[in-house]
Protein chains: 2
Amino acid sequence: MKYSNEELTTELKIKHIRLSHQRVRILDYLASQLNHPTADQIHTGLRKEIPTLSKTTVYSTLNALADAGVVRVIHIEGNETRYDIRAEDHGHFKCESCGTIYDFTADIDSLATGDLKNFDIKDRNLYYKGTCPTCIGEKI
Amino acid sequence: MKYSNEELTTELKIKHIRLSHQRVRILDYLASQLNHPTADQIHTGLRKEIPTLSKTTVYSTLNALADAGVVRVIHIEGNETRYDIRAEDHGHFKCESCGTIYDFTADIDSLATGDLKNFDIKDRNLYYKGTCPTCIGEKI
DNA sequence: TAGTAAACTGTAACCAATACAATCTTGAAA
DNA sequence: TTTCAAGATTGTATTGGTTACAGTTTACTA
């Protein structure tokens, strides 16, 4: 899913999030960089155009956007939090060799979850790990 | 799944993991406490019977057992790593109100993953978040 | 029994994330 | 347009889970 600037603006207004310059830029960055960046990568990437941007702002913005459901938090590995523009249901595959995170489509809603009959499910995350085709080829 | 001491011993030998006193105790603890403890909880819980147990040992043991596939690492939340005796495929549901982590059965293998045709998938994790029935009841 | 490789211990260090207080900005009312 | 309060940003200090490392201890094998 690719957001336009106008769509982002509209969505943020609906969620009652103030549209500061920094927040718009962070969302733009997430929409243009689809490689699941960390907060640090976002901070480094945006410092070129916003030299005063602080890391605290990046974190607080990402937390606010995650609470509002605009971005998805990815905890596929314990020592790194990554972020994604929230899109239709999909899983994340992390290659343990090269570290790349791939999206893959998966109909998570179709999973039978009889055990959770009376649970209120707000968020579903599917994480796979293994080796990607590129790294499999290099091992030969 | 519930391991007996004998089964644990056998499984560890197969995986070529030395059976130190500390490692056996950590595995016993995981097999008896099915509440997905953190490394710190394991350390605190075992200090009663092994006063000299260091946190470093707990971490290195858990990492070794995870590499060998005997325990499962749970990263449902970014700031806490939890551990589980590896069992048949199941997902984890975390209640955002009380923090409890529930197991639920889910046939993860049944998910269509055409996007990952040439990927070598070694590990599958399914994480849900929301509110558990107990906390839903208390909110009324 | 001796010797070597691995495991354990405890301290120090690391680093992502957060707390906090001061400053700045935004949006709306007057 | 001006004013002002609520909210956002900034930068520093701090936290807390995890790892690095060096010395000591333990476990397996010959």
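In the predicted model, A:Val58 makes contact with A:Ile26, A:Ala39, A:Ile42, A:His43 and A:Leu53, apart from its neighbours within four places in sequence. A:Val58 belongs to helix α4 of chain A. The relative accessibility of A:Val58 is 0%, so this residue counts as buried, the limit for that class being under 20%. A:Val24 lies 34 residues away from A:Val58 along the chain, and the C-alpha atoms of the two are 11 Å apart.

Helix α4 of chain A also takes part in the surface near DNA strand C. Two or more residues of this surface come from α4 (55–67) of chain A, and the same holds for α2 (21–32) and α4 (55–67) of chain B. In total, 15 residues surround DNA strand C, and the closest are A:Tyr59, A:Thr81, B:Ser20, B:Gln22 and B:Thr57. Of the atoms of DNA strand C that come within 4 Å of the protein, sugar and phosphate make up 73%. By class, the residues of this surface comprise two nonpolar, ten polar and three charged.

Individual polar contacts to DNA strand C involve both chains. In chain B, an N or O atom in the side chain of B:Ser20 is 2.3 Å from a phosphate oxygen of the strand. The side chain of B:Thr57 likewise places an N or O atom 2.7 Å from a phosphate oxygen of DNA strand C. In chain A, the side chain of A:Thr56 has an N or O atom 3.3 Å from a base nitrogen of DNA strand C.

DNA strand D is also surrounded by 15 residues, of which A:Ser20, A:Gln22, A:Thr57, B:Tyr59 and B:Thr81 come nearest. Sugar or phosphate accounts for 77% of the atoms of DNA strand D within 4 Å of the protein, and bases for the rest. At least two residues of the surface near DNA strand D are supplied by each of α2 (21–32) and α4 of chain A and α4 of chain B. The surface near DNA strand D contains two nonpolar, eleven polar and two charged residues.

Phosphate oxygens of DNA strand D are approached from both chains. A polar side-chain atom of A:Ser20 is 2.3 Å from one such oxygen, and an N or O atom in the side chain of B:Tyr59 is 2.4 Å from a phosphate oxygen of DNA strand D. For A:Thr52, a polar backbone atom is 3.1 Å from a phosphate oxygen of the strand.

Chain A is superposed on chain B by a rotation of 180° with 0.0 Å of shift along the axis, giving an RMSD of 0.1 Å. This is the relation of a two-fold axis. The C-alpha of A:Leu126 is the one in chain A nearest the axis, at 2.3 Å. Of the interface residues of chain A, 100% are also interface residues in chain B, so the copies meet through the same surface.

The largest nonpolar core has 25 residues, and those with the most contacts inside it are A:Phe93, A:Leu126, A:Tyr128, B:Phe93, B:Leu126 and B:Tyr128. Two or more residues of this core come from each of β3 (90–95) and β5 (120–131) of chain A and β3 (90–95) and β5 (120–131) of chain B. The largest share, three residues, is that of β5(A). Apart from residues up to four places away in sequence, B:Leu126 touches A:Ile108, A:Leu111, A:Asn125 and A:Leu126 in chain A, and B:Gly91, B:His92, B:Phe104, B:Ala106 and B:Ile108 in chain B.

Terms used. Residues are numbered from 1 along each chain as its sequence is written. Chains are lettered from A and ligands numbered from 1 in the order in which they are written. This is a predicted model: local features need pLDDT of at least 70, side-chain atom pairs count only at pLDDT 80 or more; totals for chains, interfaces and linings use all residues. Side-chain values use heavy atoms; hydrogens and water are left out. A residue is near a molecule or strand if one of its heavy atoms lies within 4 Å of it. A polar contact is a pair of N or O atoms within 3.5 Å; within protein, one must be able to donate a hydrogen and the other to accept it, and residues adjacent in sequence count only if both atoms are side-chain atoms. Helices (H or I, at least four residues) and strands (E, at least two) are DSSP runs, numbered from the N terminus. Ala, Val, Leu, Ile, Met, Phe, Trp, Tyr, Cys and Pro count as nonpolar, Asp, Glu, Lys and Arg as charged, and the others, Gly among them, as polar. Copies are superposed by least squares on the C-alpha atoms of residues with pLDDT of at least 70 in both. Contact means heavy atoms within 4.5 Å. A nonpolar core is a set of buried Ala, Val, Leu, Ile, Met, Phe, Trp, Tyr and Cys residues joined through side-chain atoms within 4.5 Å. Buried means under 20% relative accessible area, exposed over 50%, partly exposed in between (1.4 Å probe, protein chains only).
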